[in-house]
Amino acid sequence: MLEIAHISKDFGGLKALKEITFHVKEKQIYGLIGPNGAGKTTLFNLITGFLPATHGSIQFLGNELTGLKAHKIAKLGIARTFQNIRLFGTMTVKENILVAQNIRARSGVTSLVQFFSSKERELQEKADDLLKRMGLWEKRKEQSLSLAYGEQRRLEIARALALEPRLLLLDEPAAGMNEAETEDLLGRISEIRNTGKAVFLIEHDMNVVMGICDYISVLNFGELIAEGTPDEIQASEAVIEAYLGREEE
Ligand SMILES: Nc1ncnc2c1ncn2[C@@H]1O[C@H](COP(=O)(O)OP(=O)(O)OP(=O)(O)O)[C@@H](O)[C@H]1O
Ligand SMILES: [Mg+2]
């Protein structure tokens, strides 16, 4: 469904991504790993239209994404979360979801009046359902900023899901979570996939990556150095070397 072909990104003289090619399939949980600065978030920024690619093509369900604005790409069915959480902090938990739903609903509705009368109830119910699925329903009236860190990460995922994406991009969803929260998150990500969505995630926590990913790509200094199943990646000399090499720095 997502076909990344010969993608490169230069920042001045720095080659953040070099000729990257791989595919994410429908309903897959696909992992992207690699040491700090490998180019992982940059790839997400290219897919979602936050940054233009220097070279190459990214196709999603047959649509070329390079050159499209971020909101157009979102409308095609790609939603993301951020490595540094970006919530509307002063809004309540539920309001964060409703705002995202409004962004999505506006395109298909003729008037605001119609929107509020016929859609309001449905959206409220959907928001409640999403909050329950991400374990946040009890917190729905609290200010987002007051949530614990792990809860904020789950709210960001819920908000991304409110856009009803076919493909969900998660940039380090378990960062800052303790072991129990991480375990809980794994179950929720699997459930998201069970609803028919593909999940493409960047993660440093190897328990997460190896525990739920069907397939994994490994970046190092902007290059794709390995691709395979969790077992193949764990046995890869190139991957072990990339991680150990960095630790000695
Ligand atoms: N907007 C930008 N302008 C200039 N350089 C950038 C920009 N974004 C990223 N870079 C550089 O590109 C390289 C890749 O960064 P990126 O954030 O993609 O790495 P990452 O794999 O996500 O790392 P981490 O695991 O630390 O999040 C780094 O050297 C970074 O400094
Ligand atoms: Mg990153």
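Start with the sheet: select strands β2, β1, β4 and β5, which in that order make an open sheet of four strands with antiparallel pairing. The model on screen is predicted. Colour β2 (14-24) and β5 (63-64) separately; these strands stand at the edges, each with a single partner strand, so one side of each has no neighbour in the sheet.

Next, select residues 2-11 and 55-60. These are strands β1 and β4, which pair in the antiparallel sense over five bridges. To find the register, show S8 and look across to β4, where H55 stands opposite. Then add helix α1, residues 40-47. Helix α1 packs on the sheet and touches β1, β2 and β4, and its direction makes about 115 degrees with that of β1.

**Aromatic rings**

Show the side chains of F22, Y30, F44, F200 and Y215, which ring pairs link into a cluster. The count of aromatic pairs comes to six. Begin with F22 and Y30: this pair is stacked, at 5.2 Å centre to centre with 10 degrees between the planes. F22 has 2% relative accessibility and counts as buried, because the limit for that class is under 20%. Y30 is also buried, with a relative accessible area of 0%.

Keep Y30 in view and turn to F200. Their pair is edge-to-face, with 5.5 Å between centres and 85 degrees between the planes. Y30 belongs to strand β3 (residues 29-33) and F200 to strand β8 (residues 198-202), so the pair links distant parts of the chain, 170 residues apart. F200 is buried too, its relative accessible area being 0%.

**The nonpolar cores**

Select I97, L155, I157, L168, I189 and L201. These residues have the most contacts inside the largest nonpolar core, which has 38 residues. Add helix α5, residues 149-161, which gives the most to this core, with five residues. In soluble globular proteins, nonpolar side chains tend to be buried together.

Centre on L168 and display what surrounds this residue. Leaving aside residues up to four places away in sequence, L168 touches A79, I157, A160, L161, I192, A198, V199 and F200. Apart from the core that holds L168 lies another, of 26 residues. To locate that second core, select L32, A38, F44 and I73, which are among its members. F44 also belongs to the aromatic cluster visited earlier.

**Charges over a ring**

Finish at W137. Which residue lies over the face of W137 at 3.8 Å from the ring centre? Select R140 to see the answer. K132 lies over the face of W137 as well, at 4.9 Å from the ring centre.

Technical notes
Residues are numbered from 1 along each chain as its sequence is written. Chains are lettered from A and ligands numbered from 1 in the order in which they are written. This is a predicted model: local features need pLDDT of at least 70, side-chain atom pairs count only at pLDDT 80 or more; totals for chains, interfaces and linings use all residues. Side-chain values use heavy atoms; hydrogens and water are left out. A nonpolar core is a set of buried Ala, Val, Leu, Ile, Met, Phe, Trp, Tyr and Cys residues joined through side-chain atoms within 4.5 Å. Buried means under 20% relative accessible area, exposed over 50%, partly exposed in between (1.4 Å probe, protein chains only). Helices (H or I, at least four residues) and strands (E, at least two) are DSSP runs, numbered from the N terminus. Contact means heavy atoms within 4.5 Å. Two strands pair if DSSP finds at least two bridges between them. Axes are lines fitted to C-alpha atoms, for helices over the stretch in contact, and angles run from 0 to 180 degrees between N-to-C directions. Rings of Phe, Tyr and Trp (its six-membered ring) pair if their centres lie within 6.5 Å; planes under 30 degrees apart count as stacked, over 60 as edge-to-face and the rest as tilted. A charge sits over a ring if NZ of Lys or CZ of Arg is within 6 Å of the ring centre and within 35 degrees of the ring normal.
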